[in-house]
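Please walk through this structure element by element. Keep the model open beside the text.

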Amino acid sequence: MKRLGRILVEEVDSKSDFMKILDVNKKRVDPREVEFEDLKGFYEIDDKYLYFWFDDEEDFFNTLTDYTEEDITDIKWLSYRPYDYEWIDSYSAEEDWKEGYVLSSLDEYNAKLLLEIYEYLDPYHYNKAQSEIKSKGAWQWMVDNQEDFANEIKSYLPDLADKLIEHYWYAKDTAISKGIETYMDGEFIQELYKPLKLEYTKGLGTRFEKVKIPLSEIMLMYSRVGSANTPLDQLIYDYVHSRYVSYPNNPREYYYDFEDGEYFKEEFNKESLWNIEKELDKIKEDYENGDLEKFRELYQMIEKNYKFDQYIPVDKEKGIAIKIKLIDRNTLKVKVEISKFRNIETFGGLVNRKVVDIKPTTLHSLINNHQLFDVFEN
């Protein structure tokens, strides 16, 4: 009790909480007879510790921390059920694909398989890049060209792209949950207990229900923010809201920091490998049967003349534009998105939209002889 000397001398009420603690510490009273009526969660006291056993975990946070109700809800969920959160949504995963992050998360072996697929589907562009691929390695070349290459894979192999996005989404989401689980069980609880030197009283009760505080820490609180007559519940409240105390932030605010990188890489690449190998086997089979050549010719014709996934105005007077989405490798039909806009110059003010599968000859006629079509009627 060396810090007692720091408390200002004043007239102390003999029945004050401060005197109760002092009497217990000096063994002048039986600890079992001591009560702190207004202190929520108080369980017992001995000559070294003040013990809490809260009926509800929220009482722990409201009594011993300065977290908001929203923070408390998040921390409780993250402590017990981090896997119930959806950290990455489908939109974010799609955006990561467009920016190339999904492909750049693949390992060297999967990158090599993807480039082998690329060689079959577009030998012209593959051959142009071959020396660069050889000098950099498959993965590095893919990273350096990740946005363009992601767009090509999406155009060539939309089903494979969707599978990779799905695996990326699931692996990333699970990795973040695992990282948060590890953090909450380790570093977070240590940082949470540190300001008041809390200790978990093992046995019945969770780590947010059954804790103890050293009496020396209580005396430090009195010396910093209270007087000897300050009730214990008010003392603790004032202290946890003072400049002397700092608690870890709500982990949900920076959940990306907790991503388990090794788990994500292993899980994503393991799941992706099966789909990439399956697609490569199918492409090799199509190549041997002669079915691949027609697809390649059609793809290159569209890429050269129209481009994929870009609006092409076909009737400016009516505000109609089309966007070529992909080619079905089995039927050789082209999936086209037809949109009607109020402003055809900016493609703004969408009025109507539909998606159709059409033959390549119909695509050519739709673009060059749009007056033959009433696109929203037939």
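In this predicted model, helix H6 (residues 108-121) packs against helix H9 (residues 146-156) at an angle of about 65°. Their axes lie 12 Å apart. The crossing of H6 past H9 is left-handed. On the H6 side, the contact is made by Leu114, Leu115, Tyr118 and Leu121. H9 answers with Phe149, Glu152, Ile153 and Tyr156. What is the character of the residues in the contact of H6 with H9? They divide into 7 nonpolar, no polar and 1 charged.

Now turn to helix H2 (57-64). Is it enclosed or open? Of the 8 residues of H2, 6 are buried, so the helix is largely enclosed by the rest of the structure. The buried residues are Glu57, Asp59, Phe60, Phe61, Thr63 and Leu64. Charged side chains are among them: Glu57 and Asp59 are buried, and both residue types count as charged. Several elements cover the buried residues of H2, including strand S2 (49-53), helix H3 (69-80) and helix H10 (158-193). Strand S4 (210-214) and H12 also belong to the cover.

H12 deserves its own look. This helix spans residues 232-240. Leu232, Leu235, Ile236, Tyr239 and Val240 are buried in it. Where do they sit around the axis? They cover an arc of only 120°, which puts them on the same side of H12. The buried residues of H12 pack against helix H1 (17-25), S2, H2 and helix H11 (215-225). H2 thus appears again, as a packing partner of H12.

Next comes the sheet. It is open and has 4 strands, in the order S5-S6-S7-S8. The pairing is antiparallel. Which strands stand at the edges? They are S5 and strand S8 (348-358). Each has a single partner strand, so one side of each is left without a neighbour in the sheet. From one strand to the next, the twist averages 30°.

Take the pairs in turn. S6 and S7 pair in the antiparallel sense over 7 bridges. Within this pair, Ile320 stands opposite Lys340 in S7. Helix H14 packs on the sheet and touches S6 and S7. The direction of H14 makes about 150° with that of S6. Another bridge joins Ile322 to Ile338 in S7. In a regular strand, side chains alternate between the two faces of the sheet. S7 and S8 are also antiparallel, and their pairing runs over 9 bridges. There, Asn343 stands opposite Gly348 in S8.

The turns of the sheet bring up backbone torsions. Most residues other than glycine have a negative phi. Three residues here depart from that pattern, and each can be placed. The hairpin of S6 and S7 has 6 residues between the strands. In it, Leu332 takes a positive phi near 60°. Its loop runs between strand S6 (320-327) and strand S7 (334-343). Is Leu332 buried or partly exposed? It is partly exposed, because its relative accessible area is 21% and buried means under 20%. The hairpin of S7 and S8 has 4 residues between the strands. Phe347 takes a positive phi near 55° there. Outside these hairpins, look at Lys307. Its phi is near 80°, again a positive value in a residue other than glycine. Lys307 is in the loop between helix H14 (291-305) and strand S5 (311-315). It counts as partly exposed, at 35% relative accessibility.

One more residue closes the tour. Lys282 is found in helix H13 (residues 261-289). At 30% relative accessibility, Lys282 counts as partly exposed. What does it touch beyond its sequence neighbours? Leaving out residues up to four places away in sequence, Lys282 touches Arg329 and Asn330. Another comparison is with Ile117, 165 residues apart from Lys282 along the chain. The C-alpha atoms of the two are separated by 10.0 Å.

Note on methods:
Residues numbered from 1 in each chain as written. Predicted model: local features only at pLDDT ≥ 70, side-chain atom pairs only at ≥ 80, totals over all residues. Heavy atoms only, no water. Helix = DSSP H or I, 4+ residues; strand = E, 2+ residues; numbered from the N terminus. Buried < 20%, exposed > 50% of the residue type's maximum accessible area, 1.4 Å probe, protein only. Axes fitted to C-alpha atoms, helices over the stretch in contact; angles between N-to-C directions. Left-handed = near helix turned anticlockwise from the far one by under 90°. Contact = heavy atoms within 4.5 Å. Pairing = 2+ DSSP bridges. Arc of directions from axis to C-beta.
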